[in-house]
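Q: Please take a close look at one part of this model, working from the buried residue outwards to the elements that can be described with some care. I would like a connected account rather than a list.

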Amino acid sequence: RCKNLSVSFWNSYWMLPSDVCGMNCFWEAAFRYDYMKTHPSEKMHLAVVACGERLEETVTMLRSAIIFSIKPLHFHIFAEDQLHESFKDILDEFPHEGKVNYTLYPITFPSESAAEWKKLFKPCASQRLFLPLILKNVDSLLYVDTDILFLRPVDDIWSFLGKFNSTQIAAMAPEHEEPRIGWYNRFARHPYYGVTGINSGVMLMNMTRIRRKYFKNDMTPVRLQWGEILMPLLKKYKLNITWGDQDLLNIMFFHNPESLYVFPCQWNYRPDHCIYGSNCKAAEEEGIFILHGNRGVYHDDKQPTFRAVYEAIKNYSFGDDLVDSLLQPLEQELQKTMHTYCGRVYKVFIKQLTKSIRDLYARRSKGR
């Protein structure tokens with residue numbers, strides 16, 4: 001089976017655009033595979049919170065993480081009780097190959113304020129704020145929203161943990177690249193990080209550091225730890241915040257900017273990066289690394305480029321040829337979206353995906 005897949009891929013490989021493929025990239029992928037084999041490390045931890053009608057979307061996100069990742073993954077899935085059995089049935093059928101484990105958790109908030117936290121912004125969204133307190137034995141964690149799709153290995157964003165300096169505890173991307181269309185700098189009624197704020201849909205955390213840190217704040221001259229600061233922040237700002245837990249994180253990192261590592265926009269690419277014209281230069285150069293389909297764009301016809309990627313990954317069957325069954329059909333669908341602003345730059349949606357597929361087959365070939 002693997003032999004047939006490799007033959008099919010390499011036949012397609014030489015027909016791919018020269019700006020995407022090349023032997024330098026092949027040897028880079030082979031080197032990275034060798035490095036991973038000779039430098040084993042602990043598994044990567046990925047957390048997601050799923051409530052309401054988010055089962056399919058969450059499963060599609062998890063599928064995208066499994067397809068390309070190299071090191072073992074442990075999924076921490078926080079979901080409403082009625083979703084647990086469905087998650088278990090689906091995930092137990094995934095081809096884990098010994099590299100994927102998962103744990104299901106109930107939705108839990110501090111008992112004295114559970115109702116208030118649960119209704120903040122979207123149902124259960126603020127659960128992410130309590131992950132450092134719940135997952136006490138997890139050193140580092142990648143939190144993602146349910147509407148995330150990985151177009152390259154999780155390993156690559158996980159590697160940012162090694163780039164943190166001594167004061168940094170978390171990493172996120174800016175909310176906007178272009179201040180003229182920014183939300184925070186135009187409308188926010190509370191402090192926010194940097195020029196345009198940060199988006200918390202993709203949040204990499206050194207949770208050991210988070211649990212140990214004492215945070216500066218505008219409520220008391222005394223610095224507070226993570227578990228102490230959340231409720232006072234909510235009480236002070238609940239009438240001024242629009243985006244719930246993301247706003248609280250913006251306030252926290254406004255007062256503690258030295259604690260945040262900011263990664264580029266192609267690691268959290270959203271409709272705002274193209275619906276008014278392309279404004280994520282890094283994605284134009286290297287492609288999209290992580291796609292974030294906020295605003296429900298995977299499920300309506302407003303942004304067909306985003307929906308096309310989501311449908312392609314959702315419908316892909318593990319073990320099928322990734323070029324024939326995912327990449328080529330997706331490119332055909334994306335070409336139909338060129339009447340939209342995002343569709344005009346549709347190649348950024350497949351540039352990194354193409355490289356990820358090539359690298360995956362290179363690793364498989366090297367590992368035989």
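A: In this predicted model, the place to start is His-273, which counts as buried because its relative accessibility is 1%, where the cut-off for a buried residue is under 20%. The residue does not belong to a helix or a strand, but lies in the loop between β10 (260–262) and α12 (281–286). Once residues up to four places away in sequence are set aside, His-273 touches Glu-177, Cys-265, Asn-268, Ser-278, Asn-279 and Cys-280.

The setting of this residue can be read against the chain as a whole, which has 16 helices and 11 strands. Of the 368 residues in the protein chain, buried residues make up 58%, and His-273 is one that counts as buried. Among the contacts in the chain with a separation of 6 or more, 73% are accounted for by residues 24 or more positions apart.

From the loop we can turn to the strands, and in particular to β7, which spans residues 198–206 and is mostly covered, with 9 of its 9 residues buried. Strand β7 pairs with β4 (residues 140–144) in the antiparallel sense, over 5 bridges, and in this pairing Leu-142 stands opposite Leu-204 in β7. Strand β7 is also joined to β6 (residues 170–174), again running antiparallel, by 4 bridges, and here Ala-173 is the residue that stands opposite Asn-199 in β7. Strand β7 is thus bridged in the antiparallel sense both to β4 and to β6.

The remaining part of the picture is a pair of helices. Two packed helices are described by the angle between their axes and the distance between the axes. For helix α10 (residues 226–237) and helix α11 (residues 245–255), the packing angle is about 110 degrees and the axes are 11 Å apart. The two helices are therefore roughly perpendicular to each other, since angles of 65 to 115 degrees are placed in that class, and their crossing is right-handed. On the α10 side, the contact is made by Trp-226, Ile-229, Leu-230, Leu-233, Leu-234 and Tyr-237, while α11 contributes Leu-248, Leu-249, Ile-251 and Met-252. By residue class, the contact of α10 with α11 divides into 10 nonpolar residues, with no polar and no charged ones.

Terms used: Residues are numbered from 1 along each chain as its sequence is written. This is a predicted model: local features need pLDDT of at least 70, side-chain atom pairs count only at pLDDT 80 or more; totals for chains, interfaces and linings use all residues. Side-chain values use heavy atoms; hydrogens and water are left out. Axes are lines fitted to C-alpha atoms, for helices over the stretch in contact, and angles run from 0 to 180 degrees between N-to-C directions. Angles under 35 degrees count as roughly parallel, over 145 as roughly antiparallel, 65 to 115 as roughly perpendicular and the rest as oblique. A crossing is left-handed if the near helix is turned anticlockwise from the far one by less than a right angle, and right-handed if clockwise. Contact means heavy atoms within 4.5 Å. Ala, Val, Leu, Ile, Met, Phe, Trp, Tyr, Cys and Pro count as nonpolar, Asp, Glu, Lys and Arg as charged, and the others, Gly among them, as polar. Buried means under 20% relative accessible area, exposed over 50%, partly exposed in between (1.4 Å probe, protein chains only). Two strands pair if DSSP finds at least two bridges between them.
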